[in-house]
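Here is a short briefing to read alongside the model. Keep the viewer open and follow each topic in turn.

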Amino acid sequence: MKKIEAIIKPFKMDDVREALSDIGVSGMTVTEVKGFGRQKGHTELYRGAEYQVDFLPKVKLELIVADDMTDRAIEAISSQAQTGKIGDGKIFVTNVERVIRIRTGEENEEAV
């Protein structure tokens, strides 16, 4: 099993969720986060004063998928989150050793 973490632009979340649902992903965790990479924030004007916004709003999604679904999930996220502009985000993939559903005690792929 793999854990996929993706940091994407907030307005792309619905498209990504729908694409993941279409390939059979049954659940995920979504968190509103702030951060920066190469984008390095931007300058905004508020009541005539200019100020620097260092951390930009993003959405972080986390999902666990079977090994054979990993590439399809990555493709679904990439294709829907991409705008072609700086700040589209990143995808991180890590191995998952064990998953346990607390309610039933089911483990691994049955628990996902």
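The notes below cover confidence, the sheet and its helices, salt bridges, and one threonine.

This is a predicted model, in which local features need pLDDT of at least 70 and side-chain atom pairs count only at pLDDT 80 or more, while totals for chains, interfaces and linings use all residues. Residues are numbered from 1 along each chain as its sequence is written, and side-chain values use heavy atoms, with hydrogens and water left out.

**Confidence**

- The protein has a mean pLDDT of 90 (pLDDT is the predictor's confidence in each residue, from 0 to 100), and 92% of its residues reach 70 or more.
- Strand S1 (residues 2-8) has the highest confidence, at a mean of 98, and strand S3 (residues 42-46) the lowest, at 66.
- The element names refer to DSSP runs, numbered from the N terminus: helices are H or I with at least four residues, and strands are E with at least two.

**Sheet and helices**

- Four strands form an open sheet in the order S2-S5-S1-S6, with antiparallel pairing (two strands pair if DSSP finds at least two bridges between them).
- Strand S2 (29-35) and S6 are the edge strands, each pairing on one side only.
- From one strand to the next, the twist averages 20 degrees (axes are lines fitted to C-alpha atoms, for helices over the stretch in contact, and angles run from 0 to 180 degrees between N-to-C directions).
- S1 and S6 run antiparallel and are joined by 7 bridges; Ile7 has Lys90 in S6 as its bridge partner.
- Helix H1 lies across S1, S2 and S5, and runs at about 10 degrees to S5.
- H2 also packs on the sheet, where it touches S1, S5 and S6, and its direction makes about 5 degrees with that of S1.

**Salt bridges**

- The structure holds 5 salt bridges (a side-chain nitrogen of Lys or Arg within 4 Å of a carboxyl oxygen of Asp or Glu); three of the pairs, including Lys3 with Glu62, follow here.
- Lys3 and Glu62 have their closest N and O atoms 3.1 Å apart. Lys3 lies in strand S1 and Glu62 in strand S5 (residues 56-65), so this pair ties together parts that are 59 residues apart in sequence.
- Lys3 counts as partly exposed at 25% relative accessibility (buried means under 20% relative accessible area, exposed over 50%, and partly exposed in between, with a 1.4 Å probe and protein chains only).
- Lys9 and Asp88 form a salt bridge at 3.7 Å, N to O. This pair links distant parts of the chain, 79 residues apart: Lys9 is in the loop between S1 and helix H1 (13-22), and Asp88 is in the loop between helix H2 (70-81) and strand S6 (89-95).
- Lys9 is buried, with 13% relative accessibility, and Asp88 is buried too, at 16%.
- Arg101 and Glu106 pair with their closest N and O atoms 2.5 Å apart. Arg101 is partly exposed at 26%, and Glu106 is partly exposed at 31%.

**A closer look at Thr70**

- Where does Thr70 lie? Thr70 belongs to helix H2, and Thr70 is buried, with a relative accessible area of 6%.
- A polar atom of the Thr70 side chain lies 3.4 Å from the backbone oxygen of Ala66.
- Beyond its neighbours within four places in sequence, Thr70 is in contact with Lys2, Ile4, Val65 and Val93 (contact means heavy atoms within 4.5 Å).

How values were computed:
A polar contact is a pair of N or O atoms within 3.5 Å; within protein, one must be able to donate a hydrogen and the other to accept it, and residues adjacent in sequence count only if both atoms are side-chain atoms.
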